[in-house]
Structures are given as structure tokens and as C-alpha cells.
Amino acid sequence: MPRQARLDSPGTLHHVMIRGLEGREIFSDDTDREDFISRTGRLVHETGTRIIAWALMGNHAHLLFFSGHQGISKFMRRLLTGYAIRYNRKYHRTGHLFQNRYKSIICQEDSYLLELVRYIHLNPLRADRVKNIEELDGYLWSGHGVLVGFLRNDWQERAYVLKQFSEDERRAIPLYRDFMKAGEEQGKRLDLVGGGLIRSLGGWSQVSSLGGKKAKSAHDARILGDRDFVTEILMETDSKVRRQIPSIQLTTLMDQYIRETCKENGISEQELRMGGRKRRVSSARAKIAYHLSCEFGVSAAEIARQLGVCTSAIVKAIQNVESKNQ
């Protein structure tokens, strides 16, 4: 099966999982772990990546972060390549250290950020490296200790996470610890790591795949979120892999197509752009949305701005046209 493309744009929330080849250790001692987090810290400052949560184990690691201006691929490539070279040199070994490509899942921030923070930071507890939350506070190799103030670094988004609980840090920390304790008995969450889940597209089974083709799918294992979120991400990705059109030329082509379609349907551009709901207006809007998305690779958000409606309305319109074309 061919590899699926990485999904990414600056500011996207990613849950990244790194595993050792054939389940072997990637951290043999604390010096290795220190090297890994030191490299992470340097790259955070260089790439604008924002680390939300992290945990280093023996044969695997978890990172939760918002990708920076250089994207996830460059950040991860520099981190893993540099670490593997140093690790192989130290232990006089050759060959791959990591298993295949790292696994990355784009996550919907509003619904999953705190659940992922908790899941990742509870890794040492699930693996019996610590006995309880109190011991986890002092565990050196995860971001939990930083959030509760036991550890310090200058590259983790501590304030951002704590503000999800309270603007007052003194109140936020105990609320965060209560949240962690509430999940203490949770086992492995397949719904958070892409383990065959992901109910992300709900009832809609026809989605655009990379390259403009259509594929039957009930989910996309690269994305964790609700149907509208997954649909928007896939459409944004499609727009990047289609042929590139200069922005000025694209604007001209969009305006021309909108003008011609309005004329064909006997409606005014003003009526279209003001969110009119008459059948002729809705029909023309759906036709325009589908054409701009499929032929020009314009994102649903941009089409929505052009046509004066919300992004979800554009997504629904495109779905309706695609279902009629089946």
C-alpha cells in the first residue's frame, strides 16, 4: 500500500508517536533522554513549534505540538535524524533506530487537546514507571512535572495548558492535577492513537482523496476530530497537492466563474454573496463551490469568504453535489 501524505499546515495540532525498530529501546539511559529533549528544545526555538505535552519511555515517545512555520516534516526529520546519528555512534551500531515513519495524527483542538495532554502524561503511570500521580509529579521525562511546577524548561507551552483550567496559575495547577487523577484508571485509549478508530467522518462515506480522486471511507486514520473538521482538513490538503495557480490569476478565475454562473442561473452576484437561500441561489452556490474546490483546489474556507456563507455550508454543498454525481 502506498504511503499516505502527511497532513500539515502551520499551527496544526499533531499527536506524534515514535517507536523503536521491532520494539527495541530508543532510550537506553537518562543521557539519551536528556539528549532528545535538549534537541527538542533547540528545534522548538528554531522552527516555532509549540510543544503542548510529551513523554519519553523506553522504546517509544509521544509528542503533542502545534506545528511551526517550517511544518512537521522538517522539525521531525531534524529531531530524529540528529538523535539517531548520535545514538548509533554512542552504541557502535548501524542501521535504522526508529520503526518506519513516525505516526502523526492531526487533532481537533477544542475536542481533544486536554484529553491528549492527560493521555500522554499518564504514559509513565500506565507503564508502571511510577505508582501514582504524586510520583508522576517528579518523573523527569514527561511534561507533567513542568505543568505542576516540579520541573522547568523554556520550551514547553506550560501557561497555554494551565489556562485551559484557570487564568490564575495557583488555581489551575490543582485543577489540572484533579483532571489527571480522574483519568488515572484509564487504560490505552485507541480512540486517541488511531488504533482502528476513527469515527471522524460519521455518516458521510464519500470524501475527496489526495490527487482529486474519490474514495469510499468512513474515517481517516490521520485525523482525530468530528466530520466537519476532518472534511475541512482533507479539502485543505487536496488544494495543496493540486496544480498551483498564482494567487492573482486564481482570484481572476474565481471572479469570472462566479460571474458566469450567476448569469447562467439568472441571479445577481450581490444576491449570491449576501447568502440568499432561494433554490436558484443555493443551486448556483453549490455548483460554484464544487467547481472551485475540484478544479482550482480552493479551500472551503476561502470559498465561504467568496460566497458570503460559513465554511460548513460550503462543505455541505460540495457533499450534496458529489452525492448527486455518484
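How many residues does helix α1 have, and how far does α1 reach from its first C-alpha to its last? Helix α1 runs over residues 30-47, so to speak the place to begin, and has 18 residues. From end to end α1 reaches 25 Å, close to the 26 Å expected at 1.5 Å a residue. Keep in mind as you look around that this is a predicted model.

Let's stay with α1 for a moment. Its N-terminal end is capped by D29, which places a side-chain oxygen 3.0 Å from the backbone nitrogen of T31. At the other end, α1 is followed by G48, a residue with a positive phi, near 75°. Between those two ends, quite a list of residues is buried, including F36, I37, L43 and V44. Charged-looking letters turn up in that list too: D32, R33, D35 and R39 are buried. An α-helix has 3.6 residues a turn, so residues three or four places apart point the same way. What do the buried residues of α1 pack against? Their partners are β1 (13-19), β2 (50-56) and α2 (71-91).

Now step back to the whole chain. Its secondary structure comes to 15 helices and 7 strands. Of the 326 residues, 50% are buried. If you take the contacts between residues at least 6 apart in sequence, 67% of them join residues at least 24 apart. On the outside, the chain exposes about 16400 Å², and carbon and sulfur atoms supply 49% of that.

How much should you lean on each part? The mean pLDDT of the chain is 80, with 74% of its residues at 70 or more. Confidence is highest in helix α6 (residues 144-147), at a mean of 97, and lowest in strand β5 (residues 206-208), at 35. Over residues 195-219 the pLDDT is below 50, though in the model this stretch has 67 contacts beyond near neighbours in sequence. Residues 1-5 also stay under 50, and there the model has 6 contacts beyond four places in sequence.

Next, look at M57, in the loop between β2 and β3 (60-66). Is M57 buried or exposed? Its relative accessibility is 2%, so M57 counts as buried. Setting aside residues up to four places away in sequence, M57 touches F27, R33, N123, P124, A127, R129 and Y139. One of these, R33, is itself among the buried residues of α1. Another, R129, is 72 residues from M57 in sequence, but the two are 8.9 Å apart in space, C-alpha to C-alpha.

Further along comes helix α11 (residues 247-265), where you'll find T261. T261 is buried, because its relative accessible area is 2% and the cut-off for buried is under 20%. Leaving out neighbours within four places in sequence, T261 is in contact with A284, K287 and I288. C262 counts as buried as well, at 1% relative accessibility.

Just past this helix, S268 sits in the loop between α11 and α12 (269-273). Here the picture changes: S268 is partly exposed, with a relative accessible area of 36%. A polar atom of the S268 side chain lies 3.0 Å from the backbone nitrogen of E271. Measuring C-alpha to C-alpha, S268 is 10.0 Å from I258, and 10 residues separate the two in sequence.

One last stop is C310, which is partly exposed at 45% relative accessibility. As for disulfides, the structure holds 0.

How values were computed: Residues numbered from 1 in each chain as written. Heavy atoms only, no water. Disulfide = S-S within 2.5 Å. Buried < 20%, exposed > 50% of the residue type's maximum accessible area, 1.4 Å probe, protein only. Helix = DSSP H or I, 4+ residues; strand = E, 2+ residues; numbered from the N terminus. Contact = heavy atoms within 4.5 Å. Areas by Shrake-Rupley, 256 points an atom, 1.4 Å probe, with all protein chains shown as cover. pLDDT = per-residue confidence, 0-100. Expected span 1.5 Å × (residues − 1). Polar contact = N/O pair within 3.5 Å; in protein donor to acceptor, adjacent residues only side chain to side chain.
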